[in-house]
Amino acid sequence: MKARLLIAGILVAALLATACGGGKPAPTTLTVPSVAAGQVANPKLALASCYEMEGFTIDMSAPSYTLPLSLGGIVNLAGVESKLGLGDGEEELLKSNGFVVVPYGQVDDIVEPYEMLKERESPIFVTSDTLLHLYHIQFNEVLKRIEEEEFFNAVLDMSKA
């Protein structure tokens, strides 16, 4: 049950993060200035002065879509439906919302659903909260190792003293 709530929460957070930009719209272009060696006033760009780099511009606009979706325009819909076992109800949710939440079952590992999708060769969308959670787990393991290997003996010696 926790896994289902976690997966549903991830999808809701992704929807809110992408749909509720609020305020001013995101810029559609990204411009990176040219940096000449030795002419860097910003200390954050000091490393860039060691490299020769030409400026460039990226057009970050993506085609938009409107809801409800036209399922006929989705190229790999039949494959995704068969791999995930989508029924008529899920197909209707996909059409009206642009996404659908599929129950996965009891999951204790946050990576397990992604591995299942990879095994089924299904498209994967990794949300930022998943990455943040994985970094949090990794950071906890680093702290645990430091405490066990570095601090434990020092704290024990201080306690004995």
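Where in the chain is the place of Val-100? In this predicted model, Val-100 belongs to the loop that runs between α3 and α4. With a relative accessible area of 17%, Val-100 falls under the 20% cut-off and therefore counts as buried.

**Overall architecture**

The chain contains five helices and two strands, and read from the N terminus its elements follow the order α-β-β-α-α-α-α. Of the 161 residues in the chain, 15% are buried. The exposed area of the chain comes to about 12,900 Å², of which carbon and sulfur atoms supply 60%. When contacts between residues at least 6 apart in sequence are considered, 56% of them join residues at least 24 apart.

**The nonpolar core and helix α2**

Val-100 is also a member of the largest nonpolar core, which has five residues and includes Leu-71, Leu-77, Leu-86 and Leu-94 besides Val-100 itself. Val-100 and Leu-86 stand 14 residues apart along the chain, and their C-alpha atoms are separated by 9.2 Å. Another core member, Leu-77, touches both Leu-71 and Leu-94, when residues up to four places away in sequence are not counted.

Leu-77 also belongs to helix α2, which spans residues 77–84 and whose buried residues are Leu-77, Val-80 and Glu-81. These three cover an arc of only 100° around the axis, and so they sit on the same side of α2. An α-helix has 3.6 residues a turn, so residues three or four places apart point the same way. The buried residues of α2 pack against α3, the helix of residues 88–97, whereas the face of α2 turned away from the buried side carries the exposed residues Ala-78 and Ser-82.

**Helix α4 and the loop that follows**

In α4, the buried residues are Pro-113, Tyr-114, Met-116 and Leu-117. Viewed down the helix axis, they fall within an arc of 160°, and therefore line one face of α4. The exposed residues Lys-118 and Glu-119 are carried on the face of α4 turned away from its buried side.

Between α4 (112–119) and α5 (128–160) there is a loop that holds Thr-127. Thr-127 counts as buried because its relative accessibility is 5%. The side chain of Thr-127 takes part in polar contacts with the side chains of Asp-129, at 2.4 Å, and of Thr-130, at 2.9 Å.

**Backbone features**

Most residues other than glycine have a negative phi, and most peptide bonds are trans. Against that background, the table lists two residues with a positive phi, each placed just after a helix.

| Residue | Position | Phi |
|---|---|---|
| Gly-85 | just after α2 | about 65° |
| Glu-121 | just after α4 | about 55° |

A further backbone feature is the cis peptide bond that joins Leu-67 and Pro-68, with omega about 0°. Pro-68 has its place in the loop between β2, which covers residues 56–59, and α2.

**The salt bridge in α5**

How many salt bridges does a search of the whole structure find? The search finds one, and it is formed by Arg-145 with Glu-149, whose closest N and O atoms are 2.9 Å apart. Side chains of opposite charge can pair when their charged atoms come close. Both Arg-145 and Glu-149 lie in helix α5, four residues apart, a spacing of about one turn of the helix. Arg-145 has a relative accessible area of 40% and is therefore partly exposed, in contrast to Thr-127, which counts as buried at 5%.

Definitions and conventions
Residues numbered from 1 in each chain as written. Predicted model: local features only at pLDDT ≥ 70, side-chain atom pairs only at ≥ 80, totals over all residues. Heavy atoms only, no water. Buried < 20%, exposed > 50% of the residue type's maximum accessible area, 1.4 Å probe, protein only. Polar contact = N/O pair within 3.5 Å; in protein donor to acceptor, adjacent residues only side chain to side chain. Arc of directions from axis to C-beta. Contact = heavy atoms within 4.5 Å. Core = buried A, V, L, I, M, F, W, Y, C linked by side-chain atoms within 4.5 Å. Areas by Shrake-Rupley, 256 points an atom, 1.4 Å probe, with all protein chains shown as cover. Salt bridge = Lys/Arg side-chain N within 4 Å of Asp/Glu carboxyl O.
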